[in-house]
Amino acid sequence: MTTYLGILGGGNISETHLRAARELEQVKVAAVCGLNQQKVQQLAETVQAKAFTDLDAFLDHRPLDAVAIGSPSGLHAEQGIAAARKGLHVLVEKPIDVTVEMADRLIEECQAAKVKLGVFFQDRVAPDIVELKHLLDSGRLGKPLLVSGHVRWHRPQEYYRGSRWRGTWALDGGGALMNQGIHTVDLLLWLIGDVRRVYASTQTLYHDIEVEDTAVAALEFANGALGTLEAATSAFPGMPRKVVVSGTEGTATLEQDELVSVDLRNPSQLEGRAGSRSKNQSASSPLVSDVRGHRRILEDFLEAIRHDRRPLCDGREARRSVEVVRAIYASSSSGEPIGLATAG
């Protein structure tokens with residue numbers, strides 16, 4: 001059965017969504033919509049789809065079953081709600097939106113319309129990251145004690161200067177944390193569990209933008225583990241992302257989606273594995289060259305529609321990372337620790 005997909009957004013990430021969709025036989029890209037008429041027309045022509053610059057006309061196009069939203073972050077919920085009210089399933093690029101309130105509105109509207117809601121957090125399908133999740137869930141690392149996430153990336157000033165929405169509170173919702181670091185926030189939540197409290201500082205140290213380009217945060221998890229998070233677009237020339245998880249029975253290190261070391265108290269528990277080098281997120285470039293993660297998320301979303309199940313990362317899962325990032329911003333602004341109400 002063919003699923004007819006609409007691509008909403010005319011930027012780099014929408015091109016990634018389109019490339020991922022082209023690799024799936026059961027998907028037909030039926031329409032593309034965005035403000036940049038020339039770019040939208042180019043994308044549409046590659047798949048013989050209809051091009052739109054008007055959102056309502058795009059959402060009314062048929063056949064159309066679902067939309068992949070890659071517009072500015074601050075528009076995700078608004079546009080997702082419009083799609084849901086037309087009976088369309090909604091798959092949105094990270095973050096789900098830039099506030100918890102708008103995330104909740106989108107979740108509620110999709111539930112009311114009885115359509116699926118999913119979010120592109122492709123870390124959850126990267127093979128080595130899935131293996132790290134299994135190490136934790138199986139208890140082979142023991143009880144989690146200490147975790148760190150390092151996102152020391154670099155973006156030139158032109159990255160922000162050339163965009164109407166990047167680096168703004170209204171449409172980007174934040175800077176290095178909300179845009180680049182959100183993947184790692186979601187990853188830590190997926191691996192370790194809810195965050196109970198944060199204490200943080202965010203600064204704009206390098207770029208001429210409204211939002212932060214450098215952030216540090218101390219995290220207290222609901223299960224008792226402690227963590228640190230760094231996120232930056234100011235760190236020249238940009239370093240591969242690194243995540244280190246230590247438990248009572250061992251330590252695992254992840255670098256750029258590859259599980260580079262696993263040191264266990266009982267090495268016999270470590271099974272053989274094949275490494276993965278799925279470098280989706282670049283330390284120095286915003287372009288996604290490897291679409292395998294997006295393709296797997298899209299494929300899972302289509303299966304969720306066909307079998308009436310939850311997507312791998314649904315709206316409620318995706319709102320958690322936004323809640324943590326907003327708490328980090330609140331802590332930085334107040335100079336005080338901030339507790340999270342939804343932590344278990």
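**Entry 1: helix α6 and what lies under it**

I started with the buried side of α6 in this predicted model and looked up its packing partners: the buried residues of α6 pack against β7 (144–152), α8, β11, β12 and β13. Which residues of α6 (residues 127–137) are buried? I found D128, I129, E131, L132, K133, L135 and L136. I noted for myself that charged names such as D128, E131 and K133 are in that buried list too.

Next I checked how the helix sits on the strands. I see α6 lying across β7, β11, β12 and β13, and it runs at about 25° to β13. Just past the helix I came to G139, which follows α6 and has a positive phi, near 85°.

**Entry 2: the sheet of 8 strands**

I then traced the sheet that α6 lies on. I read an open sheet of 8 strands with mixed pairing, in the order β13-β12-β11-β7-β10-β9-β8-β14. What stands at the edges? I found β13 and β14 (338–339) there, each with a single partner strand, so one side of each is left without a neighbour in the sheet.

I also looked for the helix α10 here. I found that α10 packs on the sheet, where it touches β8 (195–203), β9 (214–221), β10 (226–232) and β14. The direction of α10 makes about 55° with that of β8.

**Entry 3: two hairpins, β11 to β13**

I went along the β13 end of the sheet strand by strand. Strand β11 (residues 242–247) and strand β12 (residues 250–255) run antiparallel and are joined by 6 bridges. I picked out one pair to follow on screen: S246 has T251 in β12 as its bridge partner. These two strands make a hairpin, with 2 residues between them.

On the other side I followed β12 into strand β13 (residues 258–264), and I counted off an antiparallel pairing over 6 bridges. Here I marked two pairs: G250 is opposite L264 in β13, and T251 is opposite D263 in β13. T251 is a handy residue to click on, I found, with S246 as its bridge partner and D263 opposite it in β13. β12 and β13 also form a hairpin with 2 residues between them, and in that turn I noted Q256, with a positive phi of about 50°.

**Entry 4: the sheet of 6 strands**

I moved on to the other sheet on my list. I read an open sheet of 6 strands in the order β3-β2-β1-β4-β5-β6, with parallel pairing. Its edge strands are β3 (50–52) and β6 (117–120), each of which pairs on one side only. I looked up the twist as well: from one strand to the next it averages 25°.

For a closer look I chose strand β1 (residues 3–8) and strand β2 (residues 27–33), which run parallel and are joined by 6 bridges. I marked L8, whose bridge partner in β2 is C33.

**Entry 5: α8 against α10**

I returned to the helices. How do α8 and α10 pack? I read an angle of about 120°, with the axes 9 Å apart, and a right-handed crossing. From α8 I listed L177, M178, I182, V185, D186, L189 and W190, which meet E317, R320, S321, V322, V324, V325, R326, I328 and Y329 in α10. By class, I have 11 nonpolar, 1 polar and 4 charged residues in this contact.

**Entry 6: the nonpolar cores**

Which residues touch the most other members of the largest nonpolar core? Of its 75 residues, I found V67 and I96 in that role. Helix α8 (residues 176–192) gives the largest share of this core, 11 residues. I also noted another core lying apart from it, of 22 residues, including L18, V27, V47 and A49.

I listed the contacts of I96, leaving aside neighbours within four places in sequence: H76, A77, A103, L106, I107, L117, V119, G315, A318, R319 and V322.

**Entry 7: C313**

Last, I looked up C313, which lies in the loop between α9 (292–307) and α10 (315–334). Is C313 buried or exposed? It is buried: its relative accessible area is 2%, and the cut-off for buried is under 20%. Not counting residues up to four places away in sequence, I found C313 touching L117, G118, V119, F121, R124, D186 and A318. I also took down one distance: the C-alpha atoms of C313 and F301, 12 residues apart along the chain, are separated by 8.9 Å.

How values were computed:
Residues are numbered from 1 along each chain as its sequence is written. This is a predicted model: local features need pLDDT of at least 70, side-chain atom pairs count only at pLDDT 80 or more; totals for chains, interfaces and linings use all residues. Side-chain values use heavy atoms; hydrogens and water are left out. Helices (H or I, at least four residues) and strands (E, at least two) are DSSP runs, numbered from the N terminus. Buried means under 20% relative accessible area, exposed over 50%, partly exposed in between (1.4 Å probe, protein chains only). Contact means heavy atoms within 4.5 Å. A nonpolar core is a set of buried Ala, Val, Leu, Ile, Met, Phe, Trp, Tyr and Cys residues joined through side-chain atoms within 4.5 Å. Axes are lines fitted to C-alpha atoms, for helices over the stretch in contact, and angles run from 0 to 180 degrees between N-to-C directions. A crossing is left-handed if the near helix is turned anticlockwise from the far one by less than a right angle, and right-handed if clockwise. Two strands pair if DSSP finds at least two bridges between them.
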